[in-house]
Amino acid sequence: MNKPQQHSTAVVKTVCAIVFLLFTFLYLYYYQADIIAMTQHVLSHGKTHYNRLVGALLITLVLWLLQLGVYALTRLEWRGHALTYFPSLLALTFLTSAGTHFHNHPSIGPWLWALPLVILFWLALVWVLRQIEDILTEERGTGLFSRLMWVNMLTMFIMFLMVALFSNRDDTFHYRMNVESRLLRGDTDGALQVGKQSLAADESLTRLRGYALSKKHQLGEHLFEYNIVGGSKALIPPRGDSTSVAATIMLPWQELYKQYLRDKKDYDLCGYLADKDIDKFARTLVKCYEVSDSAHLPKHYREALTLYTRQRSHRVVDYHNAVMEADFADLLKLQREHHDKRSSKNAVHDTYANTYWYYYFYR
């Protein structure tokens, strides 16, 4: 191999290595850390815990060493060099592919038959490239902007896309695992920010958010700023182990139930609101709180009482709050201005998405 060819392959190898290391570390550290933490927790039966930084570094290093071993065996140069990273990226995909029901049924699923087939296909491709390597070495240009470089970069990009497509990319499950991880570390504030602006949610995420808000004594203040799924059934934790429907995976379910018992009155009140049962809410509220026009109640309770007072002629309590009544009147005005429900929802969303009223009318 002459000097220009040596220089060209050295540049390709260096760039491929840098791109691989950056992608793998960032993918593991920022996106898939909680999925791997869940997988490790399930497989170790909760006896070990995953460290995001150490785990990302170690897995990246091991996958890079695997690539070096593959390169030593195949000696793929030129256009085929990027394919020496395929086994490493396939392993990365496998590591991050645990499904949303993995904690109930730990298995490798379709990987049992797909993995051997994919490896056989890759081996066949490597064999073909080795046979025609002499033809592929006749390249024009060297360095970062050569055809050789961009063929390898395109191959790397396609393999990165494979990783993204076949690993776990369920937003709701990612949010759920992220929230559980943060709560385990005691980061309640961080847990409450996870996916807050997203509509992706399920019963488990609703339950975890209720737990986190209850720990901050903010259940009645901020619950309906999130997308609530499942009503009171999801909000109030069942008394059962981790095999319960929509139960926690890493966070002990006992912690959620203990918090429910500590803050039962607010859980029950928010449960009635989640079921849109404002009559039962009002009857229970007057037993738990001092209710008067000047009383300082949580935001969602004030919103619900304003709605209740407006909608019920026979009521257990009258509540009048000038600010709340003005805001509610503006919401009703927006509704009257838009006869189509979808346009009405969009108009109200811009100003009132974080209120109980929006949940009551549109969710």
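**From a loop residue to a buried helix**

His 45 is found in the loop between α2 (33–43) and α3 (52–74), and it is a useful place to begin reading this predicted model. The backbone angle phi of His 45 is near 55°, which is a positive value in a residue other than glycine, and His 45 counts as exposed, because its relative accessibility is 68% and the cut-off for exposed is over 50%. Arg 75 also has a positive phi of about 55° although it is not a glycine, and Arg 75 is found in the loop between α3 and α4 (86–95). Arg 75, with a relative accessible area of 39%, is partly exposed.

The helices on either side of the loop that holds His 45 are also linked through their side chains. Side chains of opposite charge can pair when their charged atoms come close. Here the side chains of Asp 34 and Arg 52 meet in a salt bridge, at 3.6 Å from N to O. Asp 34 lies in helix α2 and Arg 52 in helix α3, so this pair ties together parts that are 18 residues apart in sequence. Asp 34 is buried, with a relative accessible area of 8%, whereas Arg 52, at 22%, is partly exposed.

The structure holds ten salt bridges, and another of them brings us to helix α16. The side chains of Glu 225 and Lys 299 meet in a salt bridge of 2.8 Å, N to O. Since Glu 225 lies in the loop between α11 and α12 (231–235) and Lys 299 lies in helix α16, the pair ties together parts that are 74 residues apart in sequence. Both Glu 225 and Lys 299 are buried. A further salt bridge is formed by Asp 318 with Arg 315, whose closest N and O atoms are 2.2 Å apart; Asp 318 is partly exposed at 43% relative accessibility, and Arg 315 is partly exposed at 32%. Salt bridges that share partners, in turn, join Lys 196, Glu 225 and Lys 299 into one network.

How far apart should the ends of helix α16 (residues 299–311) be? At 1.5 Å a residue, its 13 residues should span 18 Å, and the C-alpha atoms at its ends are 19 Å apart, which agrees. Helix α16 is mostly covered, with eleven of its 13 residues buried, among them His 300, Tyr 301 and Leu 305. The buried residues of α16 pack against α11 (219–222), α14 (264–274), α15 (278–288), α17 (322–337) and α19 (356–362).

Further along the chain, Ser 344 is found in helix α18 (residues 341–352), and it counts as buried at 6% relative accessibility. Leaving aside residues up to four places away in sequence, Ser 344 touches Gln 335, His 338 and Tyr 362. Ser 344 and Leu 332 are twelve residues apart in sequence, and their C-alpha atoms are 10.0 Å apart in space.

At the surface, Leu 112, Trp 113, Leu 117, Ile 119, Leu 120 and Leu 123 make a nonpolar patch of about 660 Å². Leu 120 has its place in helix α5 (residues 111–131), and its relative accessible area of 54% makes it exposed.

The cysteines remain to be considered. A disulfide is a covalent bond between the sulfur atoms of two cysteines. How many disulfides does a search of the whole structure find? It finds zero. Cys 16 is buried, with a relative accessible area of 0%, whereas Cys 288 is partly exposed, with a relative accessible area of 29%.

How values were computed:
Residues numbered from 1 in each chain as written. Predicted model: local features only at pLDDT ≥ 70, side-chain atom pairs only at ≥ 80, totals over all residues. Heavy atoms only, no water. Patch = residues over 30% accessible without salt bridge, like charges linked within 9 Å, V, L, I, M, F, W, Y side chains within 5 Å. Areas by Shrake-Rupley, 256 points an atom, 1.4 Å probe, with all protein chains shown as cover. Salt bridge = Lys/Arg side-chain N within 4 Å of Asp/Glu carboxyl O. Helix = DSSP H or I, 4+ residues; strand = E, 2+ residues; numbered from the N terminus. Buried < 20%, exposed > 50% of the residue type's maximum accessible area, 1.4 Å probe, protein only. Expected span 1.5 Å × (residues − 1). Contact = heavy atoms within 4.5 Å. Disulfide = S-S within 2.5 Å.
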